[in-house]
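This report describes how one protein chain is held together, from its charged pairs to its nonpolar cores. Please keep the structure in view while reading.

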Amino acid sequence: METLRPAPPATRPAPARVQTVALAGNPNVGKTTLFNALTGSHQKVANYPGVTVERKSGRLARSGRGGAEGVEVVDLPGTYSLSPKSVDERVAFDALVGRIPGEPAPDVVACVVDATNLERNLYLVTQVLDLGLPVVVALNMTDAAAEAGIEVDADALADALGTPVVPISAKTGDGLDALRRAVLDPPRPAGGVAWEAMPAVDEALDALAERLGAEAPDVPAARRRFEALGALTADPLLAPWAGRAPGFHQAVLDTRAEFEARPVPYKMAEMMGRYGWISPVAARVVQHTAAADERTLSDRIDAVVTHRIWGPLIFGGVLLVIFQAVFSWAVPAMDGIEWLVGVTGEGMRAVLPDGVIEDVLVEGALSGVGNVLVFLPQILLLFLFLGLMEDSGYMARTAFIMDRAMRRVGLSGASVVPMLSAYACAIPGIMAARTLADERDRIITIMVVPLQGCSARLPVYVLFIAAFIPAGTLFGVVGYQGLAMTGLYVLGTVMAFVSALVLRRFVFKGEGSSFVMELPPYRMPQPKYLWRRMVDRSKVFVVRAGKIIFALSIVLWFMASYPKVEPPPELAARAAAADVAVEEATESLVRINPAAAAELHATERASIESALEAADVERAAVQNEIAGYQVRNSLIGRFGHAIEPIMRPLGFDWKISAGIVASFAAREVIVSALATIYSAGADANEESLALRDAIKADRYPDGTPVFTPLVAVSLLVFFVFALQCMSTLAIAKRELNSWFWPAVMWGYMFALAYGFSFAIYQGGKLLGLG
């Protein structure tokens with residue numbers, strides 16, 4: 001065996017003033033927690049140029065008192081190695097070597113490692129050291145290691161790596177000040193560690209590195225052997241050289257062909273060599289004070305939580321509890337927001353002059369946005385539970401639990417995390433699919449992720465479930481409304497599995513990919529970080545309500561209010577007669593002499609008051625009929641009637657049809673659309689009903705209800721399947737670099753929505769349920 005010579009120290013000295021610190025590390029090592037602790041509230045999120053991979057950065061906070069001027073901390077995507085297989089991992093590598101346009105290589109890299117699993121984490125550390133960058137190792141989770149009976153000799157590890165090692169606990173804040181000092185005064189690049197490779201590979205790397213230096217002299221000498229090794233063993237790292245250094249590219253292909261002919265296991269050379277160096281180092285610096293066979297608390301919990309039978313049952317119970325809590329816990333806050341919206345509307349009417357401005361602000365903007373914001377408490381609760389699952393480590397267990405079921409549909413447990421992320425929003429779910437190494441798995445996952453019940457569906461579900469599902473409980477424990485909500489989410493998930501199976505068997509044929517993941521230890525979620533994540537994700541919902549829904553509500557109000565039409569003669573005559581009746585009854589009461597009022601026969605006064613009340617009721621009814629006539633003949637009414645024949649087989653009238661089309665911008669827009677239509681069609685002089693009461697009271701001209709429980713179920717199922725979200729389609733296009741698959745995705749989901757709703761409504765009518 002020959003020694004793979006470490007790269008000489010980088011020619012550039014450590015920067016006189018650090019400007020960029022990159023956090024690198026494996027998944028589930030606490031890197032995001034450390035990023036939050038180092039930056040505090042000084043964070044921003046964007047995308048790396050040219051890709052949809054999220055770029056999280058922030059100013060380095062000095063002991064939590066404020067941002068260090070000019071020092072930027074960048075949280076790189078988690079990766080197990082710098083031989084990337086997924087988009088996320090490729091971006092991490094490109095960011096470290098400065099290949100992302102407008103993104104120079106970091107001045108110092110803080111490699112975050114898990115002290116409870118040091119050997120596996122050191123693989124990435126040795127690779128980063130081989131890049132010739134200044135490195136500081138953040139030995140995280142020292143508190144968890146101590147609880148598990150693990151001690152790491154940080155000084156001995158630093159001597160072996162040739163770079164500082166700082167023990168920390170990102171969760172408790174221990175050691176963070178020392179880490180800040182270390183990254184602001186980093187060491188000179190150490191030039192890598194002396195791990196050993198087989199002689200044939202070592203000799204080939206010498207020649208390839210020399211060829212690379214001749215064709216790409218801009219690549220630092222310290223990094224040429226590492227670049228050559230990456231190109232030799234990983235296709236994603238070879239591909240960029242085809243145009244930049246074609247001679248080097250061909251030399252790598254020739255070397256591969258030679259190794260395969262001999263054969264030489266060159267693809268395993270790096271892993272065998274690095275672990276051959278890492279394992280003795282880890283054995284030397286790690287001491288186990290607990291018995292080797294002693295099971296940790298995480299092990300004991302996993303024996304139940306990941307059990308073949310109990311695991312799925314517990315997971316189903318967790319989902320049921322979440323949706324039950326979403327319905328019951330949020331009621332007081334929702335009532336408060338609903339009251340605040342009503343009071344705001346009354347206040348606006350009191351200060352604004354009567355006219356178009358008042359109507360468009362109250363009936364259009366406030367009604368549309370307010371009827372969506374009322375669901376914010378439930379969305380916050382959903383984000384709370386998802387955050388608890390993620391931060392505690394249970395989210396990773398769900399991937400393990402569901403792996404068996406996923407394999408039956410041609411996917412692996414790796415697709416579970418993107419699908420669970422979609423419960424909050426389909427967009428991060430689609431973006432999370434870039435962590436999948438297999439391209440077919442990635443496309444299939446993206447194609448089925450929107451079937452998961454995202455938070456944008458929540459306002460639609462809650463509105464119609466609250467209106468048409470009784471609030472009782474099953475066996476006095478499980479609420480009917482929470483059970484209905486769970487059923488809708490389960491329906492979407494089951495159809496996602498079925499769709500994945502169809503795509504795998506008939507479109508993306510072939511064997512599914514393997515799935516290996518490490519289960520992180522259970523951890524206690526940190527309230528401040530959990531709250532920050534809830535607030536950040538809820539801001540997206542509020543901003544959408546404040547921008548998209550605000551603008552659409554105003555547009556919808558104008559469409560529901562114009563063009564102005566004269567009421568039919570019979571309605572006009574009834575309105576005039578009702579006005580006269582109210583006026584005459586009022587005058588009759590006014591003419592009563594107050595002094596003689598007490599002597600007036602009680603039945604005579606009651607008769608006058610009864611006549612006035614009847615006249616008021618008739619006038620309100622006529623005015624509502626006139627307002628309804630106006631809405632039916634408005635732009636949105638004409639549009640709704642034009643598409644109603646297509647949607648009528650599903651039980652949807654013109655109002656629902658118009659709302660569905662409007663909600664293509666975002667699913668929850670149907671709530672604001674219906675609120676605007678019903679508000680525009682109500683008597684502005686009367687107190688308007690809550691939207692759920694208005695839809696229950698709506699009637700066709702023959703007196704039959706527009707919304708029945710059967711229509712409500714049909715609409716709910718339609719929204720389970722329909723892809724009513726422009727943003728989701730746009731992100732899918734960016735991830736797949738084509739409109740073809742997003743178009744197919746929208747088409748098959750609309751077909752599912754229409755087919756299932758048709759079957760439910762028409763089947764229900766045949767059974768006499770309509």
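## A buried charged pair: K31 and D75

K31 is buried, with a relative accessible area of 8%; buried means under 20% relative accessible area, exposed over 50% and partly exposed in between, with a 1.4 Å probe and protein chains only. Its partner D75 also counts as buried, at 6% relative accessibility. The two side chains meet in a salt bridge, at 2.8 Å from N to O. A salt bridge is defined as a side-chain nitrogen of Lys or Arg within 4 Å of a carboxyl oxygen of Asp or Glu. K31 belongs to helix 1 (residues 31-39) and D75 to strand 5 (residues 67-75), so this pair ties together parts that are 44 residues apart in sequence. Helices (H or I, at least four residues) and strands (E, at least two) are DSSP runs, numbered from the N terminus.

## Basis of the model

This is a predicted model, in which local features need pLDDT of at least 70 and side-chain atom pairs count only at pLDDT 80 or more, while totals for chains, interfaces and linings use all residues. Residues are numbered from 1 along each chain as its sequence is written, and side-chain values use heavy atoms, with hydrogens and water left out.

## The chain as a whole

The protein chain contains 34 helices and 13 strands. Of its 770 residues, 51% are buried. The chain exposes about 34100 Å², and carbon and sulfur atoms supply 61% of this area; accessible areas come from the Shrake-Rupley method with a 1.4 Å probe, and for residues only the protein chains shown count as cover.

Contact means heavy atoms within 4.5 Å. Among the contacts with a separation of 6 or more, residues 24 or more positions apart account for 75%. Helix 17 (residues 376-392) offers an example, since L384 lies there. Leaving aside neighbours within four places in sequence, L384 is in contact with L530 and M534. The C-alpha atoms of L384 and V535 are separated by 9.8 Å, although these residues are 151 residues apart along the chain.

## Further salt bridges

Side chains of opposite charge can pair when their charged atoms come close. The structure holds 20 salt bridges. One of them joins the side chains of D206 and R225, at 2.2 Å from N to O. This pair links distant parts of the chain, with D206 in helix 7 (residues 199-215) and R225 in helix 8 (residues 224-233), 19 residues apart. D206 counts as partly exposed, at 30% relative accessibility, whereas R225 counts as buried, at 18%.

D698 and K655 form another salt bridge, their closest N and O atoms being 3.2 Å apart. D698 is in the loop between helix 31 (691-697) and helix 32, and K655 is in helix 29 (residues 654-662), 43 residues apart. Both partners are buried: D698 has a relative accessible area of 11%, and K655 is at 13%. In addition, R99, R223 and E227 are linked in a network of salt bridges.

## Nonpolar cores

In soluble globular proteins, nonpolar side chains tend to be buried together. A nonpolar core is here a set of buried Ala, Val, Leu, Ile, Met, Phe, Trp, Tyr and Cys residues joined through side-chain atoms within 4.5 Å. The largest such core has 98 residues, and those with the most contacts inside it are F464, F652, I660, I695, F707 and F718. Helix 32 (residues 709-721) gives the most to this core, with ten residues.

Not counting residues up to four places away in sequence, F707 touches F464, F468, I656, Y678 and I695. A second, separate core of 68 residues includes F93, V97, L232 and V285.

## Aromatic pairs

The structure holds 16 aromatic pairs. Rings of Phe, Tyr and Trp (its six-membered ring) pair if their centres lie within 6.5 Å; planes under 30 degrees apart count as stacked, over 60 as edge-to-face and the rest as tilted. F718 and F750 form an edge-to-face pair, with 6.1 Å centre to centre and 90 degrees between the planes. F718 lies in helix 32 and F750 in helix 34 (residues 740-766), so the pair ties together parts that are 32 residues apart in sequence. F718 is buried, with a relative accessible area of 0%, whereas F750 is partly exposed, with 28%.

F740 and W741 also form an edge-to-face pair, with 4.8 Å centre to centre and 75 degrees between the planes. W741 is buried, with a relative accessible area of 19%. One aromatic cluster is formed by F652, F718, F719, W746, F750 and Y754.
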